[in-house]
Amino acid sequence: MKNFQICKIYCTFADSTRHVPFNMTLLNIETSTSSCSAAITIDGVAVASRANLVNANHASELPVFVDQLLEEAKINAWQLDAVALSQG
């Protein structure tokens with residue numbers, strides 16, 4: 001599982017890397033392997049996270065994870081600034 005206690009957040013745009021400000025609420029999704037994890041970070045700190053590290057069924061688990069994370073973080077989906085996805 002990825003460490004969602006983020007020290008620096010980077011987004012890749014074409015061939016350059018730009019720093020993303022910390023005053024953001026992000027939904028972080030990791031599905032590049034057989035495990036599935038997701039977290040909500042606010043200002044770079046994880047406030048809620050979920051993971052299935054063994055043979056996850058991403059398509060069925062991710063929607064449930066997202067609903068649980070939003071409820072635990074006490075936010076609505078429209079309050080998210082961005083969604084961060086793993087690439088792999």
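This short presentation walks through the fold of one chain, from its strands to its helix and its core.

Good morning. I should say at the outset that the model is a predicted one. The chain contains one helix and six strands. Reading from the N terminus, the order of elements is β-β-β-β-β-α-β. Of its 88 residues, 34% count as buried. Among contacts between residues at least 6 apart in sequence, 47% join residues at least 24 apart.

Let me begin with the sheet. Four strands make up an open sheet, arranged β5-β4-β3-β6, and the pairing is mixed. Because β5 and β6 stand at the edges, each with a single partner strand, one side of each has no neighbour in the sheet. From one strand to the next, the twist averages 15 degrees.

I shall now take the pairings in turn, starting with strand β3, residues 25-30. On one side, β3 pairs with strand β4, residues 36-42, in the antiparallel sense over six bridges. The two are joined by a hairpin of five residues. β3 also pairs with strand β6, residues 82-85, through four bridges, and here the strands run parallel. Asn28 is a convenient landmark in these pairings. Its bridge partner in β4 is Ala39, and in β6 Asn28 stands opposite Ala84.

The remaining pairing is that of β4 with strand β5, residues 45-52, which is antiparallel and comprises seven bridges. Within it, Ile42 stands opposite Val45 of β5. This is again a hairpin, with two residues between the strands, and Asp43 in the turn has a positive phi of about 55 degrees.

Is β3 mostly covered or mostly open? It is mostly covered, with six of its six residues buried. In a regular strand, side chains alternate between the two faces of the sheet. In β3, both faces are covered: Thr25, Leu27 and Ile29 are buried on one side, and Leu26, Asn28 and Glu30 are buried on the other.

On the edge strand β5 we find Ala51. Ala51 counts as partly exposed because its relative accessibility is 38%, and the buried class is reserved for values under 20%. Ala51 and Ala38 are 13 residues apart in sequence, and their C-alpha atoms are 6.5 Å apart in space.

I turn next to the helix. Helix α1, residues 58-73, lies across β3, β4 and β5, and runs at about 150 degrees to β5. With 16 residues, α1 reaches 21 Å from its first C-alpha to its last, close to the 22 Å expected at 1.5 Å a residue.

Which residues of α1 are buried? They are Glu61, Leu62, Phe65, Val66, Leu69, Leu70 and Ala73. These residues cover an arc of only 160 degrees around the axis, so they lie on the same side of α1. As a general point, an α-helix has 3.6 residues a turn, so residues three or four places apart point the same way. The buried residues of α1 pack against β3, β4 and β5. On the other side of the helix, Asp67 and Glu71 are exposed. Lys74 follows α1 and has a positive phi, near 60 degrees.

Finally, the core. In soluble globular proteins, nonpolar side chains tend to be buried together. Here, the largest nonpolar core has 15 residues, and those with the most contacts inside it are Leu27, Ile40, Leu69, Leu70 and Ile75. β3, β4 and α1 each supply at least two residues of this core. The largest share, six residues, comes from α1.

What does Leu27 touch, leaving aside residues up to four places away in sequence? Leu27 touches Ala39, Ile40, Val66, Leu69, Leu80, Ala82, Val83 and Ala84. Among these, Val66 and Leu69 belong to the buried residues of α1, and Ala39 is the residue that pairs with Asn28 in β4.

To close, I return to the main elements: an open sheet in the order β5-β4-β3-β6, and a helix, α1, that lies across β3, β4 and β5. Thank you.

Note on methods:
Residues are numbered from 1 along each chain as its sequence is written. This is a predicted model: local features need pLDDT of at least 70, side-chain atom pairs count only at pLDDT 80 or more; totals for chains, interfaces and linings use all residues. Side-chain values use heavy atoms; hydrogens and water are left out. Buried means under 20% relative accessible area, exposed over 50%, partly exposed in between (1.4 Å probe, protein chains only). Two strands pair if DSSP finds at least two bridges between them. Axes are lines fitted to C-alpha atoms, for helices over the stretch in contact, and angles run from 0 to 180 degrees between N-to-C directions. Contact means heavy atoms within 4.5 Å. The expected span of a helix is 1.5 Å times one less than its number of residues. The arc is that of the directions from the helix axis to the C-beta atoms. A nonpolar core is a set of buried Ala, Val, Leu, Ile, Met, Phe, Trp, Tyr and Cys residues joined through side-chain atoms within 4.5 Å.
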